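Thank you all for coming; I would like to walk you through one model this morning, starting from a single residue and working outwards to the sheet and the helices. Please have the sequence and the picture open while I talk.

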Amino acid sequence: MSRQYTGSIRSKVIMITLVCTTAILAAVGVYDALEVVAKEEAQLEDRANVTAQRIARHLTIPVWNLDKERIDASIEAEMLEPSVLAIVVHDSDGKDVMGAKERDYNWEIIGSSGTVQTGAFAISDAPVFYEDKAIGSVSVYISDRFVKEDIQFQVILEVVRVVALNLVIFVILVLLLGKFLITPIRRLAEQASEISSGRLNTVIDISSNDEIGLLADSLSRMQRSLSVAFKKIRQANKAREQ
């Protein structure tokens, strides 16, 4: 009774290759995501510092004149940047709030008491000068809300890239393994089966310079050895009959 073979070299090779490529691509994806996070965080820190310095210059005259309307207008203009969570302007003593705006949970700009309730990723303070004299200070709060969205988008892109590349690798492996490995092995298996059935004149027509060719050459030598052996047996039997 012949043994039934249900395994497949092609499946094993494809599985091993896909596991390896997935691991490599996942590692590259994690590295890229970490780089994106580091880059975005550095940009947030820079944005906080730049925004604080810029609005401090714009607030010189409004703070000196105690012009709350212009202070609020300057704050709202800076908060057109979505990553700005809040801006608070204090007097020279840092006790009284001269103007403050923050974002609510719907990310709308609202008035603030000067105490920012929600957490900020980066905070930068800058003094407000008038003729080399500090007349107030401004605090800028930057949120990482949109960085998280960028990271999520980056993760989705990496998943799509891994799936797409694995699909391409799968199709290529199926085609190449089928042509250069599976088909020659199956032909050799069929020819070996014919030889085992006694058809010693079976033509082994596979020639290559790799392991498949080595296997075909070994099968061919076995075929010739069996032919010689059977010929000697027939000759011996014929001699005994005479």
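Let me begin with L66, which counts as exposed because its relative accessibility is 64%, where exposed means over 50% relative accessible area, buried means under 20%, and partly exposed is what falls in between, computed with a 1.4 Å probe on protein chains only. L66 sits in the loop between helix 2 (60-64) and helix 3, and although L66 is not a glycine, it has a positive phi of about 55°.

Before I go further, a word on the source: this is a predicted model, in which local features need pLDDT of at least 70 and side-chain atom pairs count only at pLDDT 80 or more, while totals for chains, interfaces and linings use all residues. Residues are numbered from 1 along each chain as its sequence is written, and side-chain values use heavy atoms, with hydrogens and water left out. When I say helix I mean a DSSP run of H or I with at least four residues, and when I say strand I mean a run of E with at least two, both numbered from the N terminus.

A second residue to set beside L66 is E131, found in the loop between strand 4 and strand 5. E131 is not a glycine, yet it has a positive phi of about 55°, and at 67% relative accessibility it counts as exposed. The hairpin of strand 4 and strand 5 has two residues between the strands.

That brings us to the sheet. How many bridges join strand 4 (residues 122-130) to strand 5 (residues 133-142)? There are nine, and the two strands run antiparallel; two strands are taken to pair if DSSP finds at least two bridges between them. Within this pairing, F129 stands opposite A134 in strand 5. The sheet as a whole is open, with five strands in the order 3-2-1-5-4 and antiparallel pairing. Its edge strands are strand 3 (109-111) and strand 4, each of which pairs on one side only, and the twist averages 20° from one strand to the next. At the strand 3 edge, strand 2 (residues 97-103) pairs with strand 3 over three bridges in the antiparallel sense, and I110 in strand 3 is the bridge partner of E102.

Now for the helices that lie across this sheet. Helix 1 lies across strand 1 (84-91), strand 4 and strand 5, and runs at about 20° to strand 4, whereas helix 3 lies across strand 1 and strand 2, running at about 30° to strand 2. For angles such as these, axes are lines fitted to C-alpha atoms, for helices over the stretch in contact, and the angles run from 0 to 180 degrees between N-to-C directions.

How do the helices pack against one another? Helix 1 (residues 9-58) and helix 3 (residues 68-78) pack at an angle of about 155°, with their axes 10 Å apart, which means that helix 1 is roughly antiparallel to helix 3; on this scale, angles under 35 degrees count as roughly parallel, over 145 as roughly antiparallel, 65 to 115 as roughly perpendicular and the rest as oblique. On the helix 1 side T51, R54, I55 and H58 meet S74, I75 and E78 of helix 3, and the residues of this contact divide into two nonpolar, three polar and two charged. By this classification Ala, Val, Leu, Ile, Met, Phe, Trp, Tyr, Cys and Pro are nonpolar, Asp, Glu, Lys and Arg are charged, and the others, Gly among them, are polar.

E78 deserves a closer look. It is found in helix 3 and is buried, with a relative accessible area of 10%. Leaving aside neighbours within four places in sequence, E78 is in contact, meaning heavy atoms within 4.5 Å, with T51, R54, I55, H58, V84 and I87.

The axes of helix 1 and helix 4 come within 8 Å and cross at roughly 160°, so helix 1 is roughly antiparallel to helix 4 as well. By class, their contact has 23 nonpolar, seven polar and seven charged residues.

I will finish on helix 4 (residues 145-196), where Q154 lies. Is Q154 buried or exposed? Q154 is buried, with a relative accessible area of 18%, and, not counting residues up to four places away in sequence, it touches D32, A33 and V36.
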